[in-house]
Amino acid sequence: MDIHRKSQFFYLFFFCSFGLSCQTGKDYPIVYPFAGTGNMGSANGYRTKASFSNLMGVAADDQGNLYLADSRNNMIRKIDAKGMVTTLAGSGIAGSTDGKGDTASFFFPAAVAVDKQGFVYVADTHNNLIRKISPDGFVTTLAGRRLYPTIPGVDKTEMRLDNPDGIAVDRSGNIYVSDWANDVIRKISSDGKIWHLIGNGERGAKDGPDSLSSFYLPGGITVDTAGNIYLADTYNNMIRKILPSGVVTTLAGKIRKGRDNGKGAEASFFHPAGITIDKQGNLFVADVGNNLIRKISPDGRVNVFAGSGKRGAVNGRDTVASFYRPYGVTTDNKGNLYVADYLNNQIRRISY
């Protein structure tokens, strides 16, 4: 590394480490440590003094706060705009109790989303529930019934979830859930009714109208301002797009796993999980099996955004950095990407 590049790197590291702006005009993404010691634990504290246990989901609000699905700890954690990590809700003991703060309980929550009013929605995976957390930390059960799979023929307002794995909320407050083990996408109304939205419930990779399409253990989900839904179809190794009309298309990837770049079926993934979209319409995907963060530009081209592909926790520029089964991703208003790095027990920040 030449002297100019080295000095730029340490300048960036200093400013980003202390929560200041990471916008520098550089021509490649840089990965930084943001929160977590890297060791399993549940300690609160300032950024890298805090600890987590198998982070899966991450979401950002408009005020610069992050919300985390701290899965093995059975907690929902919060990182405020100043970098302080606290426990928003969860006792740490597996359960499904409603209540405020540590009187509530979860069972391996996998994903979080936050709406414009600051309410946090949780895919409480092993409880088969969708939980709602008010800004002051009070947890209620919004939808789902405990421990029961979907029963064929049951009225659609009584549908049950089976290991919900992804969750998103649109600008109108509609909630979308990837119902992992049922291989369908659900919509939840504000009163908690669950509606079958997309998918025939049979494992497959069919495109087409809602009732004819199929998925295979779908994971992360995000929605754009036009109402298009994007889905990490995890075990199909594909990224799917669902139009507001309900028609499903394959945006990128193919069933055969890989790490090829390109457009459409030229590209390949290996069990993609988290997915998010930024203001410019770029999609970012946590490509878990490849230990990579992939980017899908608005024209549909897939490239490696960050990661060498090797397991590790190396920080630095895009192709030098490493992850260890990155699972969740989100963007903030300042143009930063955050990664829930599952087996590194850290939140990593990528400036771009």
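Here are a few notes on one strand, its two partners and the two largest pockets.

1. Before you start: this is a predicted model, where local features need pLDDT of at least 70, side-chain atom pairs count only at pLDDT 80 or more, and totals for chains, interfaces and linings use all residues. Residues are numbered from 1 along each chain as its sequence is written, and side-chain values use heavy atoms, with hydrogens and water left out.

2. Have a look at strand β13, residues 175-179 (strands are DSSP runs of E, at least two residues, numbered from the N terminus). Five of its five residues are buried, meaning under 20% relative accessible area with a 1.4 Å probe, protein chains only. I175, V177 and D179 sit on one side, with Y176 and S178 on the other.

3. What runs alongside β13? Strand β12 (residues 164-169) is joined to β13 by five bridges, antiparallel; two strands pair if DSSP finds at least two bridges between them. P164 stands opposite D179. Five residues separate β12 and β13 in their hairpin, and G173 in the turn has a positive phi of about 90°.

4. Strand β14 (residues 184-188) also runs antiparallel to β13, again with five bridges. Here V177 stands opposite R186. This hairpin has four residues between its strands, and D183 in the turn has a positive phi of about 60°.

5. Now the pockets. A pocket is an open set of points on a 1 Å grid over the protein atoms alone, where a 1.4 Å probe fits, with protein on both sides within 12 Å along at least five of seven lines; lining residues have an atom within 4 Å of a point. The largest pocket is lined by 50 residues, and T222, V223, T276, I277 and T331 lie nearest its centre. β12 is one of the elements giving two or more residues to that lining.

Technical notes
Buried < 20%, exposed > 50% of the residue type's maximum accessible area, 1.4 Å probe, protein only.
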